[in-house]
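Reader: I've got a model open on my screen and a pile of labels I'd like to see justified. Can we go through them one at a time?

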Amino acid sequence: MAMQDRVIIRDTTLRDGLQLVVEQVPAAQKIKWLHDLVHAGVTQIEVSSYVPPKVIAQFSDVADVVQGAMGQGVDISVLVPNLNGARRAFDAGLPQVNFVLSASEAHSKANTRKTRDAAVKDFEAIVAERTARNLDHTRLSAGIATAFGCTMQGAVDEDEVVALAITLRDLGADEILVADTVGYGNPAQVRRILGRIAEAIGPDRILSHFHDTRGLGLANVVAALDVGVRRFDSTVGGLGGCPFAPGATGNIDTEDLAFMLQSMGYDTGVDIPQLVALQRQIAAALPAERVGGCIARAGLPINASAAVTA
Ligand code: ZN
């Protein structure tokens with residue numbers, strides 16, 4: 001039998017999932033959830049953001065969370081909005097730093113008060129900072145938000161998204177995150193855009209980030225798998241909304257993603273029942289949030305292998 005194709009699930013519950021949660025989750029609670037993710041076999045986790053506390057108070061404990069997350073034997077990363085954030089991340093010794101800009105000019109200006117070109121310059125400055133500090137072993141991820149459409153400007157030019165991915169790779173990004181921030185993407189579009197990016201920079205450099213806002217999240221994952229992408233962001237219980245679509249469901253659900261991948265024969269290394277148990281804890285801790293997924297609701301099929309630990 002051929003070796004199972006490995007797919008990496010990068011959990012972003014603690015960052016994207018909590019980003020819009022108003023109730024402050026204590027750092028100790030976040031670290032406990034992180035331990036549960038690690039025990040469930042998740043090997044890559046985005047743990048917080050170096051966004052200023054006045055912008056998102058939920059991440060004012062970033063230093064404590066990073067400290068608690070280091071040394072767990074997994075790959076942790078933190079989102080940085082700019083060079084200042086990147087400096088803090090480099091100071092903390094994080095193995096990976098994630099920067100995100102927006103493919104949509106309208107979204108870029110609304111979200112960061114910067115043009116897209118200015119944001120590319122920011123990434124260039126972050127790469128220069130890494131070089132100046134001799135931190136070549138620190139991986140830099142460059143994300144493209146609103147890559148499949150934008151709630152402000154509607155369609156986003158596909159050629160521009162592909163060109164942006166190539167530019168960011170050329171500037172020094174080790175990984176390009178391609179994000180459907182608002183849940184506008186459809187599988188045909190995902191296959192087309194990610195197929196072109198994969199051809200240009202190689203599928204191994206791509207991490208895709210889908211939201212299930214309009215119910216197409218997992219269908220989009222299948223389309224990405226078709227063009228060779230093997231790394232996906234998700235959150236436990238699909239936690240995380242969209243700032244421009246109140247009430248919308250959030251990210252694709254880690255447990256449901258793992259279930260789909262494992263039932264398709266991919267090796268994810270994660271234990272679904274443990275993730276479901278974590279989802280119940282998170283749902284209980286955040287009663288005001290919409291936390292839910294199909295597997296948590298319906299259970300695993302009777303013949304499913306619950307844990308594929310390679
Ligand atoms: Zn997201």
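What follows is a chat about those labels and the values behind them.

Author: Sure. Keep in mind that this is a predicted model.

Reader: Let's start with rings. How many aromatic pairs does a search of the whole structure find?

Author: It finds 2. One of them is Phe-99 with Phe-123.

Reader: What makes the pair of Phe-99 and Phe-123 stacked?

Author: Two numbers. The ring centres are 5.8 Å apart, and a pair needs them within 6.5 Å. The planes sit at 25° to each other, and under 30 degrees counts as stacked, so the label fits.

Reader: Which parts of the chain does that pair tie together?

Author: Phe-99 is in strand β4 and Phe-123 is in helix α6, so the contact ties together parts 24 residues apart in sequence. Both of these residues are buried.

Reader: And why is the pair of Phe-148 and Phe-210 called tilted?

Author: The centres of Phe-148 and Phe-210 are 6.0 Å apart, with the planes at 45°. Stacked needs under 30 degrees and edge-to-face needs over 60, so a pair at 45° is tilted. This pair also links distant parts of the chain, 62 residues apart: Phe-148 is in the loop between β5 and α7, Phe-210 in strand β7.

Reader: How do you know that Phe-148 and Phe-210 count as buried?

Author: Buried means under 20% relative accessible area. Phe-148 has 3% and Phe-210 has 1%, so both make the cut.

Reader: What makes β7 mostly covered?

Author: A simple tally: 5 of its 5 residues are buried. Ile-206, Ser-208 and Phe-210 point one way, while Leu-207 and His-209 point the other way. That fits the general pattern, in which side chains of a regular strand alternate between the two faces of the sheet.

Reader: How do you know that β7 pairs with β6 and with β8?

Author: At least two bridges are needed to call two strands paired. β6 and β7 run parallel and are joined by 5 bridges, with Ile-176 opposite Ile-206. β7 and β8 are also parallel, over 2 bridges, and there His-209 stands opposite Asp-233. Both pairings therefore qualify.

Reader: Which strand does β1 join?

Author: β1 is joined to β8 by 4 bridges, and those two run parallel. Asp-11 has Ser-234 of β8 as its bridge partner. In β8 itself, Arg-231 and Asp-233 face one way and Phe-232 and Ser-234 the other, and all are buried.

Reader: Which helices sit in the right-handed β-α-β units with β7?

Author: Helix α8 makes such a unit with β6 and β7. Helix α9 makes one with β7 and β8.

Reader: What makes the phi values of Asn-134 and Thr-146 worth a remark?

Author: Their sign. Most residues other than glycine have a negative phi. Asn-134 has a phi near 55°, and Thr-146 has one near 50°, both positive values in residues other than glycine.

Reader: Are those two buried or exposed?

Author: Asn-134, in the loop between α6 and β5, has 62% relative accessible area. Exposed means over 50%, so Asn-134 is exposed. Thr-146, in the loop between β5 and α7, is at 0% and so counts as buried.

Reader: Last one, the largest pocket. Which residues are closest to its centre?

Author: Val-51, Leu-79, Pro-81, Asn-111 and Thr-112, out of 43 lining residues. The pocket holds about 1000 Å³ of space.

Reader: What is the lining made of, by class?

Author: There are 19 nonpolar, 15 polar and 9 charged residues in the lining. β4 gives the most, with 5 residues. Other elements that supply at least two include β3, α5 and α6.

Definitions and conventions
Residues are numbered from 1 along each chain as its sequence is written. This is a predicted model: local features need pLDDT of at least 70, side-chain atom pairs count only at pLDDT 80 or more; totals for chains, interfaces and linings use all residues. Side-chain values use heavy atoms; hydrogens and water are left out. On a 1 Å grid over the protein atoms alone, a cavity is a set of points where a 1.4 Å probe fits but cannot get out, and a pocket is an open set with protein on both sides within 12 Å along at least five of seven lines; lining residues have an atom within 4 Å of a point. Grid points are joined across faces, edges and corners, and a volume is the space filled by probe spheres set on the points. Ala, Val, Leu, Ile, Met, Phe, Trp, Tyr, Cys and Pro count as nonpolar, Asp, Glu, Lys and Arg as charged, and the others, Gly among them, as polar. Buried means under 20% relative accessible area, exposed over 50%, partly exposed in between (1.4 Å probe, protein chains only). A crossover is right-handed if, with the strands pointing away from the viewer, the path from the first strand over the helix to the second runs clockwise.
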